[in-house]
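Reader: Hello! I'm new to this structure and would love a close look at a single part of it. Could you walk me through the sheet and what packs around it?

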Amino acid sequence: MSPWPSPRSCDTFVALPPAAAGGRVVFGKNSDRPADEVQEVVHFPAATHPPGTALECTYISIEQAERTHAVVLSRPAWLWGAEMGANEHGVCIGNEAVWGREEVCDSEALLGMDLVRLGLERADTAEKALTVIVDLLEKYGQGGNCMESHMTFTYHNSFLIADRKEAWVLETSGKYWAAEKVEGGVRNISNQLSITTKIDREHPKLKEYAKSNGWWDGEKEFDFAATYSYVNTARMTTTRGRYCEGYKLLNKHKGSITSEIMMEILRDKESGINMEGGFMTTGSMVSVLPQQPNLPCIHYFTGTPDPARSVFKPFIFVPDITQLLKTTSPTFGHDDPVKKQPRFQSKPDRRHELYKKHESAAVVMETNEGKGKEMLEEIQKLEKQKISQMESILQNGCLDVNQVVKLFSQCVEEELKIYS
């Protein structure tokens, strides 16, 4: 068992039409991780692989797919997978740590973050991504240290998966799982099982396993969260906590949720959604997925901690994207302490250029009120400009590919200028 207490961290949100404005799907996530962990934003193009190729994930190797889709990921810089990301087909996934009655396995398998990336690389719809994840979960299992530390920190995972048309919540307990198709316009997940009696897909032995453990009598209506965890599901949306607060914020804006509203929710400190302390919001993502296939999906990433003083920078999939060098962390190959046995005996400096400059700027914001306010106003102005430009693309359907290839990288450069 993990000696670490369960951190109250991570929130993922989705709004579907008509809850989202403009007939679009809006997805958002805060990644709440150890405060000193670097999160990078990276892009991997689509690729084909010879049959039988091995794929090295964070801890284990699995069989590679013959074709993988282009992805953009926000991930802790020390691992293979991702906390959140999107692919070229408009599929978005975010994951959460969850705990319940089933003991967490410390042995190394696929991390939930590996499953996020695998779902994005191998599926062109949300439901197909769900299928990819549960198939891999069944074959390889989930487990292993989820933190760059010699201390062990492990958990099961829940996922919110969205595309242009629909969204799914997938929640796991060991190899067992339940999935719910999102209806009613909005949905959020936090660090607790939240699927109750509406189960649209499930592990074939989900109920049988619960019954064999004495968690369910086989008579009363089956409630996944109540059965596989200790949650009082009747009070989930009324008891104060991040899951409840996120639910309230989504419903407060229901019918008018835009990318800016989603960013506002992710920046909310009072609710604890924008987390501070030993575990804090180390990276954030918002995606706008138009239902019209001729319009591009737009994905915004911070690549820096604390969205309240970060810039959500836009990314659009097009061929030959400029490399995201300034948000990519250094690599250490076989010398990386993650790859050596025993693991995590040292901790290299994984800060990318944007992280370093943002770190220095955060000190200015905290210690020099005048200069800090000026800097914050400048980054807010930059973000508003970019959101306005993206809205123009969605309204007019006009995409200048030559500009879009460097869209994210150019915005990073403009942000760096403000910090220097």
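Author: Happily! Please keep in mind that this is a predicted model. Let's begin with the sheet, an open one built from eight strands in the order β3-β8-β9-β10-β11-β12-β13-β15, with antiparallel pairing. The edges are taken by β3 (39–44) and β15 (201–202); each has a single partner strand, so one side of each is left without a neighbour in the sheet. As general background, strands of a sheet pair through backbone hydrogen bonds, either parallel or antiparallel.

Now zoom in on the β3 edge. Strand β3 runs antiparallel to β8 (residues 71–76), and six bridges join the two. One place to look is V42, whose bridge partner in β8 is L73. Packed on the sheet you will find helix α1 (residues 112–122), which touches β3, β8, β9 (84–87), β10 (92–98) and β11 (156–162). The direction of α1 makes about 160 degrees with that of β10.

From α1, we can step on to another helix. Helix α2 (residues 126–140) packs with α1 at an angle of about 130 degrees, and their axes are 8 Å apart. That angle makes α1 oblique to α2. On the α1 side, the contact is made by L115, L118, G119 and R122, while α2 contributes A129, V132, I133, L136 and L137. The crossing of these two helices, α1 and α2, is right-handed.

Finally, back to β3, which has one more role in the picture: β3 is among the elements that cover the buried residues of α10, as are β17 (298–301) and α7 (353–367). Buried residues of α10 include L407, F408 and Y419.

Technical notes: Residues numbered from 1 in each chain as written. Predicted model: local features only at pLDDT ≥ 70, side-chain atom pairs only at ≥ 80, totals over all residues. Heavy atoms only, no water. Pairing = 2+ DSSP bridges. Helix = DSSP H or I, 4+ residues; strand = E, 2+ residues; numbered from the N terminus. Contact = heavy atoms within 4.5 Å. Axes fitted to C-alpha atoms, helices over the stretch in contact; angles between N-to-C directions. Buried < 20%, exposed > 50% of the residue type's maximum accessible area, 1.4 Å probe, protein only. Parallel < 35°, antiparallel > 145°, perpendicular 65-115°, else oblique. Left-handed = near helix turned anticlockwise from the far one by under 90°.
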